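Work through the exercises below with the sequence and the model side by side, and try each task before reading its solution.

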Amino acid sequence: MRTPAGYTREIAFGETGAGKSRLLQLLADKYANQGGEVWALDMRALQPRPLIGHLIRPPEDMEDMKADGPFFDFVNSWCAHAYNTCRARGVGLLLQIDETDLAVRQGGIVPPGLVRVVMQGRAHGVSYAFAVRRPVEIPPALRSMAENLYFFRLTELRDVEYARQKGIVGIERLKRGQFWHVRAGYPPHFHGDAFQECPPLEG
């Protein structure tokens, strides 16, 4: 199944304030403009955007965002609901989750509902776009499923090394809004401003 916007798998990595959340918004809005439906789980309570079909913020009692508490279950049930809704309605959608790593438990345990979206979503037209603070906090199997990776400023040694493995050097020196776009089979491409530029959605 393919929506007019096609199928896409996106993950943006970067420290808090680097610009990855803004890029996710631009990608989601572009998907919606191409005829797709967007469900967004927004950790930062950003202003609702008219193109988003469902903009959800976790309840106030999850403000601490502890992955070992109710937040894990919240993300799990929300992803499962989006997946099942998409299957039942027969229409595709883009599932956007900001700060996705907050839902990953110690030891790399990921909510089953989120895993299902990543591993089986394509068959039912469920695309995804995740923002993650540190790539090493997401299991390699999930990282490898994304067709587009976006690298904003990272400074932790293991994260810098992961970026280097993708052909990116000097990621710890990037300024706010600057990022590298990595797509399988292509060399990394530098973007100077995530607040002005948005890579094309390619399914």
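Which residue in β4 does Trp39 stand opposite? Trp39 stands opposite Leu95. Before going on, note that the model is predicted, so that local features need pLDDT of at least 70 and side-chain atom pairs count only at pLDDT 80 or more, while totals for chains, interfaces and linings use all residues. Residues are numbered from 1 along each chain as its sequence is written, and side-chain values use heavy atoms, with hydrogens and water left out.

**Exercise 1. Place strand β4 among its neighbours and explain its burial.**

Step 1: strands and helices here are DSSP runs, numbered from the N terminus (E, at least two residues, for strands; H or I, at least four, for helices). Two strands pair if DSSP finds at least two bridges between them.

Step 2: strand β2 (residues 37-41) runs parallel to β4 and is joined to it by 5 bridges. Strand β5 (residues 126-132) also pairs with β4 in the parallel sense, over 5 bridges, and in this pairing Leu94 stands opposite Ser127.

Step 3: take buried as under 20% relative accessible area, exposed as over 50% and partly exposed as in between, with a 1.4 Å probe and protein chains only. Leu93, Leu95 and Ile97 on one side of β4, and Leu94 and Gln96 on the other, are all buried, so that both faces are covered. Because 5 of the 5 residues of β4 (residues 93-97) are buried, the strand is largely enclosed by the rest of the structure.

**Exercise 2. Check the length of helix α1 against the expected span.**

Step 1: the expected span is 1.5 Å times one less than the number of residues.

Step 2: for the 14 residues of α1 (residues 20-33) this should give 20 Å, and the end C-alpha atoms are 20 Å apart, which agrees.

Step 3: turning to its surroundings, 11 of the 14 residues of α1 are buried, among them Leu23, Leu24 and Tyr31. Just after α1, Gly35 takes a positive phi of about 105 degrees.

**Exercise 3. Determine how the buried residues of α3 are arranged around its axis.**

Step 1: the buried residues in α3 are Gly113, Leu114, Val117 and Val118.

Step 2: seen down the axis of α3, these residues fall within an arc of 135 degrees (taken from the directions from the helix axis to the C-beta atoms), so they line one face of the helix.
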